[in-house]
Amino acid sequence: MGRTVLTATLTRPLARNQGWTALTQAGLADSTTAANTLLDDHRYCYPSPHADPARNATVLEPLYPDRLGEDFIGLTTPAAPGTLHPVPGAVTDDWAHQAAERLILGHTSRGTSSPWTRDALTVLIETARRWPHVATGQLYPLLRNHPELALHAGGTALAALADLDTLDIAVLEAIEPHLPAGRHTDLDVGVAAVVWRLARHRLATTHDPATRAGIYETLAVRQSYAGLRDEALTAGQNALQTWRDLTRTNPALQPDLARSLFNLGTFLSEMGRREEALTVTEEAVAIRRRLAQSSPAPHEPDLAASLSNFGVDLSAVGRQEEALIAELEAVDIRRRLVLDNPAAHEPALALSLSNLGKRLSAVGRQEEALTAELEAVNMYHQLALDSPAAHEPDLARSLSNLGGFLWKARRREEALTVTEEAVAIHRRLARSNPAAHEPNLARSLSNLSSFLPATERGGAALTVAEEAVAIHRRLAQGNPAAHEPDLATLLSNLGRRLLQVGRREEALTVTEEAVAIRRRLAQSNPAAHEPDLARSLLGLGSRLSAVEREEDVLTVTEEAVDIYRRLALGNPAAHEPDLALSLSSLSIDLERAGQREEALTAAEEAVDVWRRLALGNPAAHEPDLALSLSSLSIDLTDARRREEARTVTEEAVDIYRRLARDNPAAHEPNLALSLSLLASAQSETAEDQSRALRSTREAVEIYRRLVATEPARFLSRLCEVLGVQADLLLGLGRLREAKEIRNWLAANAPAPRSQR
């Protein structure tokens, strides 16, 4: 029974058929019958302490707590010949000396790993921490002879192995050649620990500068993969300084210097030190461009990598047009390289395409951005099928970007679907390595929160937004420069969600915090942060209005308009849509303040901007033009310019009719609203009463369909149109029909609400 207990401690609970195999490999049973007898006896003596019904179907329940099982292994396992057991007089079993090796190697000798390999190695490593004879007699010989097994243990166990005080460095040197060449989500933490332990040993015994620089560089990259950003930056700086010193006397080492600059730029960017990142990445581009000109084949891949990062860094400091130029060059190079060697260069091309999507979006080229990101996602999906651990982080980031672009294109259900996929991947990755993956999880959650209110699952939006803020608030405490910009975005989003559920004061508080962060960031880097500051100011205006601080609303909205007006002068494609939106907000705020002429001027300017944008890109901007026209019609009506009001409303209706034919779910609500406004405008003249009645009937027909699925959202709108319809019928002498509508309204109408 003791041998079965030791086996169970190593394997952890198994299905019965796996239990048969384990006992056979351990040399405890030579038949299924014998194995079943041992399993049943063990189960009787060591039943599961858990209430989970699924555990009733398993066998080989280990000793609890874990430390008791580890001590049982340590006491039972004999010391190596010629050495003393740590516990004098311990009753050992010679069978235990090779028990772990027999269990683990039974399958690996046939080219597969046992289902209990990870658990057995983890238990053995933890046992070795307090029982040195298990380390020297069992664990270390096993891994020296079969170093590939260490990777089966997973990142956590690998890190625990590297942390053992008594560790023989030869064990890690045997494991090192088997480490994955790049990122591996399951192993990154453990690989970083192994490389750090090896680096510490080698730096203590190595004095050659180039060798030391290489050690630091490898360590920095591995620590970066593991999310150890501070440590990666320190190691990267050490490497760079050494390469700089060496290249002063040996220009042949310029490729090494460029590589070190490239890596350090990445580490600085991850730490939020964007200006410094730009400086070193620009230097890397210059060196690699010079090298590629004289010898393209070996150096063009590195040039493309540096150009792609250069684009990221330029964008981070607000130099969007230059960022786009750099990324386009990177994509061109990588497309050419993929033609010759797809397997080697497709991951890099996918990364550049995803970056290109963001660069195109930043300059207002939304359709092209969506196309580039779709291509990147398709490539990452295929790459992640072949190697999930290497490519799932990039897939999730690309999916999150794609969700944003689909949302801007009003493909909302698709946006929600891909964003949920991104969140699911990031959440899984963050569970195993929070430091590396929580920032991206928070960004995906923020996107998801933005998209949920437009769906039937809007109730979950606040919970998701609060989770995203909690993650980034924690991250920003440790590294403000890296995480405060994202925290401000998430706070603004949370403010919208809080306002939607009526928590107005809380909404105002978090939005004021977002504005304070962005104002501080914009003071130090206006080009990078002023667009976000303007966006937060518009949100603040909405929150101030919700708590009836109207005297402050105009101040913040006018500041947002001023910022967008200045930005649009420098880059119309990127900032004119935001300028138009801010002008529409300003128009509403001016009207509330009683400044009707100024409100009308702002609304007319917003329409002019949207009209110009819609000429260049109807699919992207016609919905905004139609909405702006509807808003303008209300201002014109208030100014008693009824003919103009009717004209712009008819234009809005024409646009919405066309849009609703292609996408009813997205555009029928606004079509019905614009028809309501048109009916009101038509009803002002006696000769248009019949036309007005037709407009109300069409609006009522749409609203009745919408009320059937979303009564809370559309019932009040339906009642407003029916009220107009009843008045029209009454004016036309159709008293019975008017009375029927009035009776229905008396029974069904909610409290009245304004169309604005």
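Here are some numbered notes on this predicted model, going from the whole chain down to single residues.

1. Start with the overall picture. The protein chain has 756 residues, and 52% of them count as buried. Its secondary structure comes to 35 helices and two strands, so expect to be looking at helices for most of these notes. If you draw a box along the principal axes, the C-alpha atoms fill roughly 110 × 75 × 50 Å.

2. How much of the contact map comes from residues 24 or more positions apart? Take the contacts in the protein chain with a separation of 6 or more: 62% of them join residues 24 or more positions apart.

3. Now for the inside. The largest nonpolar core has 85 residues, and the members that touch the most others are Leu10, Leu139, Leu143, Leu161, Leu164, Leu172 and Ile175. There is also a second, separate core of 59 residues, which includes Leu402, Trp407, Ile425 and Ala465. As background, nonpolar side chains tend to be buried together in soluble globular proteins.

4. Leucine 10 is a good residue to click on. Once you set aside the neighbours within four places in sequence, leucine 10 is in contact with Ile73, Ala100, Leu103, Trp116, Asp119, Ala120 and Val123. Leu10 also turns up in the lining of the largest cavity, together with Leu6, Ile73, Thr77, Ala96, Ala100, Leu124, Val134 and Gln138.

5. About that cavity: a search of the whole structure finds one of 30 Å³ or more, and about 50 Å³ of space lies in it. Helix 1 (2–11) and helix 7 (132–145) each supply at least two residues of the lining. What classes of residue make up that lining? Seven are nonpolar and two are polar, with no charged residues.

6. Have a look at threonine 127 as well. Threonine 127 sits in helix 6 (residues 117–130) and is buried, with a relative accessible area of 0%. Not counting residues up to four places away in sequence, threonine 127 touches Glu70, Ile73, Gly74 and Val134. Two of the names there, Ile73 and Val134, are familiar from the cavity lining.

7. Next, the second largest pocket, which holds about 350 Å³ of space. Its lining has 16 residues, and Glu367, Ala409, Arg410, Ala619 and Ala620 lie nearest its centre. Helix 19 (366–386), helix 20 (388–408), helix 30 (618–638) and helix 31 (642–662) each supply at least two lining residues. Helix 30 gives the most, with four. By class, the lining of this pocket divides into seven nonpolar, three polar and six charged residues.

8. The structure holds two aromatic pairs. Why is the pair of tryptophan 407 and phenylalanine 451 called stacked? The ring centres are 4.4 Å apart and the planes are at 15°, and planes under 30 degrees apart count as stacked. Tryptophan 407 lies in helix 20 and phenylalanine 451 in helix 22 (residues 434–451), so this pair ties together parts that are 44 residues apart in sequence. Phenylalanine 451 is buried, with a relative accessible area of 4%.

9. The other pair is tyrosine 703 with phenylalanine 714. Their ring centres are 6.3 Å apart and their planes are at 40°, so this pair is tilted. Tyrosine 703 belongs to helix 33 (residues 689–709) and phenylalanine 714 to helix 34 (residues 711–731), with their positions 11 residues apart in the chain. Tyrosine 703 and phenylalanine 714 are both buried.

10. Finally, two loop residues to set side by side. Asparagine 433 lies in the loop between helix 21 (412–432) and helix 22, and alanine 252 in the loop between helix 13 (229–249) and helix 14 (254–270). Which of the two words, buried or exposed, fits asparagine 433? Asparagine 433 is buried, with a relative accessible area of 4%, whereas alanine 252 counts as exposed at 60%. Leaving aside neighbours within four places in sequence, asparagine 433 is in contact with Asp188, Val189, Tyr225 and Ala226. For a sense of distance, the C-alpha atoms of alanine 252 and alanine 614 are separated by 55 Å, and these residues are 362 apart along the chain.

Key:
Residues numbered from 1 in each chain as written. Predicted model: local features only at pLDDT ≥ 70, side-chain atom pairs only at ≥ 80, totals over all residues. Heavy atoms only, no water. Core = buried A, V, L, I, M, F, W, Y, C linked by side-chain atoms within 4.5 Å. Buried < 20%, exposed > 50% of the residue type's maximum accessible area, 1.4 Å probe, protein only. Contact = heavy atoms within 4.5 Å. 1 Å grid on protein atoms, 1.4 Å probe; cavity = no way out; pocket = protein on both sides within 12 Å on 5 of 7 lines; lining within 4 Å. Points joined across faces, edges and corners; volume = space filled by probe spheres on them. Nonpolar A, V, L, I, M, F, W, Y, C, P; charged D, E, K, R; others polar. Phe/Tyr/Trp six-rings, centres within 6.5 Å; stacked < 30°, edge-to-face > 60°.
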